[in-house]
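Some notes on the aromatic residues and the internal space of this model. Please read them with the structure open.

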Amino acid sequence: MFWIITAILSAFFAGLTSILSKCGIKKTDSDLATALRTIVVLAFAWIMVFVVGSQSEFSNITPKSLLFLSLSGIATGASWICYFKALSMGDINKVVPIDKSSTVLTVLLAIICFGERANLYVKLAATAILAIGILLMVEKKKTDQKSEGKAWIIYAVLSAVFAALTSILAKIGISDVESNLGTAIRTGVVLIMSWLIVFMRGKHKGLKDLDKKELVFIFLSGIATGASWLCYYHAIGHGLISVVVPIDKLSILVTVAFSYIVFKEKLSAKGLVGLAFMVAGTLLMAFFK
C-alpha cells in the first residue's frame, strides 16, 4: 500500500507547485516560465534515475511503452502551457478547481480503458460529488481583467482535458517501465515541446530580461514538480489510477491554504462548500477502492 503514501506526497508537492509557479509568472511570460522549469524537472528526474540505478533498463523499453510515454509527455506539455497561461490570467482559487476537473474524466477513462470496476457505483457517486464541488468552487471574479476577459477559463478547461489524457497515456506507457525512468523520458518530451513553443512564438527574447526573484520561484516550482511527478508515477505504476488521481487532486487543499497566506485569496462560503465536496468525493473514492 506504499503507493497510497506516494500519491499523498504527490498531492502535497503539486500544491506547492501551483503557489511557487504563480509567484514566478507575475512578470515572466508563462510559456517561457514553463520551459525553464521543465529543465529543472528533467534534471531532477534523471538524478533520481541514476540514484535508483534504472538507467540500465533504457535499452529494454518496448516501442509501445516509448510511444505512450512520448504521447503522455506531449499531453503534459499541452496541459502545462494551458495551465500556467490560465494562472497568469486568473485567480489561483478559480483556475485550480477547473484544472482538477480532470479527475472526473480520468476516472471515467480508467473504468473504460483499464476495467477498474471495483466498487463502480461508489466511484461514480464520488465522481459526481467531485464535479459538484468543482462547480461550486468556480465562481465569477468580482474584478475580471478587461484585457483578458474569460479566456482563462478556456485555458483552464484545456489544461484539465490534457491532464486527463496524460494520466491514461502514462499508465499504459509506464506499465513495463521503472517509474523514475518513465518520468525522465516523458519529461524530455515535455522539454522539447515547451522550448519549441517558446522559439516559435519568439518569447526566447525575454530570457535577457528575466526577473531574478521570479527565476528563483520558477526553479523551486520545478523541484516541487519533479518531486510530485516521481511520487505520482510511482503511485499509478503500482496502484489503481482511479484512486491515485483523486488523491493527487487533494493538492487543492495545499493550494488553497497557501493562496490565502501568500496572495490573500479568500474563498467565499460557496467556495468552501465546494472544497468540502471535492475532499469528500476524493476520500470516498480512496476508502472504497
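1. Y83 is buried, because its relative accessibility is 7%, under the 20% cut-off. The model is a predicted one.

2. F84 is buried too, with a relative accessible area of 2%. Y83 and F84 form an edge-to-face aromatic pair. Their centres are 5.1 Å apart, with 70° between the planes.

3. W80 counts as buried at 9% relative accessibility. W80 and F84 both belong to helix α3, four residues apart, about one turn of the helix. Six aromatic pairs occur in the structure. W80 with F84 is an edge-to-face pair, at 6.3 Å centre to centre and 75° between the planes.

4. Which residues do ring pairs link into a cluster with W80? They are Y83, F84 and W229.

5. Two charges sit over rings of this cluster's tryptophans. The charged end of R37 lies over the W80 ring, 4.4 Å from its centre. The charged end of R186 lies over the W229 ring, 4.8 Å from its centre.

6. Two cavities of 30 Å³ or more turn up in a search of the whole structure. The largest holds about 430 Å³ of space. Its lining has 23 residues, with W80, D99, W229, D248 and K249 nearest the centre. Elements giving two or more residues to that lining include α3 (63–89) and α9 (212–238). By class, the lining has eight nonpolar, ten polar and five charged residues.

7. The second largest cavity holds about 30 Å³. K249 is among the residues lining this cavity, as are L130 and M278. Helix α12 (residues 269–287) gives the most to this lining, three residues. The lining divides into five nonpolar, one polar and one charged.

Notes. Residues are numbered from 1 along each chain as its sequence is written. This is a predicted model: local features need pLDDT of at least 70, side-chain atom pairs count only at pLDDT 80 or more; totals for chains, interfaces and linings use all residues. Side-chain values use heavy atoms; hydrogens and water are left out. On a 1 Å grid over the protein atoms alone, a cavity is a set of points where a 1.4 Å probe fits but cannot get out, and a pocket is an open set with protein on both sides within 12 Å along at least five of seven lines; lining residues have an atom within 4 Å of a point. Grid points are joined across faces, edges and corners, and a volume is the space filled by probe spheres set on the points. Ala, Val, Leu, Ile, Met, Phe, Trp, Tyr, Cys and Pro count as nonpolar, Asp, Glu, Lys and Arg as charged, and the others, Gly among them, as polar. Rings of Phe, Tyr and Trp (its six-membered ring) pair if their centres lie within 6.5 Å; planes under 30 degrees apart count as stacked, over 60 as edge-to-face and the rest as tilted. Buried means under 20% relative accessible area, exposed over 50%, partly exposed in between (1.4 Å probe, protein chains only). A charge sits over a ring if NZ of Lys or CZ of Arg is within 6 Å of the ring centre and within 35 degrees of the ring normal.
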